[in-house]
Amino acid sequence: MALHCYLGHGASGTAASMTPFVDGLRARGIEATAIDLPKRKAEEAIPAFHRVVPRDTDVVVGGHSYGGRVASLAAAEPDAPYSALVLFSYPLHPPGSPDRTAARISHWPSITCPVLLLSGESDPFARLEFLRRAVPTLGGPAELVTYPKVGHGLLPVLDDALDRVAAFLATIDRRGA
């Protein structure tokens with residue numbers, strides 16, 4: 001089974017801002033497409049997500065920050081068929097408001113596909129101790145990779161992050177074959 005990865009952008013980005021991720025995955029033999037999402041609440045972007053992302057078992061969804069949150073909401077829907085979810089810098093809470101974490105992860109127990117989370121340990125949108133406590137609430141198998149001295153943007157460690165995504169997706173691809 002050949003997987004196709006659809007990635008959404010961060011709140012201040014566009015599909016074009018995901019070019020380094022898409023190009024990097026393609027260089028690793030993974031078909032990848034960046035998608036544009038409307039800039040509004042993540043829950044309100046779900047219809048736009050579904051217009052461009054096929055609901056199929058050979059589809060991997062994910063994205064950076066806001067785009068990952070939208071993908072996670074889609075992956076939590078009943079009967080979501082996606083093979084995996086890849087979250088780059090998941091926005092666990094607004095900066096300075098870790099008390100809002102519960103609202104951002106309330107859907108996580110409904111996500112049953114394998115999940116890979118990649119996050120900077122200095123990310124103001126995901127305090128590390130909160131992130132480590134949240135990951136076990138995911139409904140399926142999950143792996144968390146963190147990067148010391150990295151904030152919300154993963155470009156400084158993008159090669160390593162994409163190598164990890166490729167290895168993660170290789171295990172998914174073999175499982176589905």
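Student: What phi does Gly 29 take, just after α1?
Tutor: Gly 29 has a positive phi of about 85°. This is a predicted model, in which local features need pLDDT of at least 70, side-chain atom pairs count only at pLDDT 80 or more, and totals for chains, interfaces and linings use all residues. Residues are numbered from 1 along each chain as its sequence is written, and side-chain values use heavy atoms, without hydrogens and water.

Student: What puts Phe 21, Val 22, Gly 24 and Leu 25 on the same side of α1?
Tutor: These four are buried residues of helix α1, residues 19-27 (helices are DSSP runs of H or I, at least four residues; strands of E, at least two; both numbered from the N terminus). They cover an arc of only 165° around the axis, which puts them on the same side; the arc is that of the directions from the helix axis to the C-beta atoms.

Student: Why is Gly 8 called buried?
Tutor: Its relative accessible area is 1%. Buried means under 20%, exposed over 50%, partly exposed in between (1.4 Å probe, protein chains only), so Gly 8 counts as buried. Gly 8 is found in strand β1, residues 4-8.

Student: Which residues does Gly 8 contact, leaving aside neighbours within four places in sequence?
Tutor: They are Met 18, Ile 35, Leu 37, Gly 62, Gly 63, His 64 and Gly 67, contact meaning heavy atoms within 4.5 Å.

Student: How far apart are the C-alpha atoms of Gly 8 and Ser 97?
Tutor: They are separated by 24 Å, with the two residues 89 residues apart along the chain.
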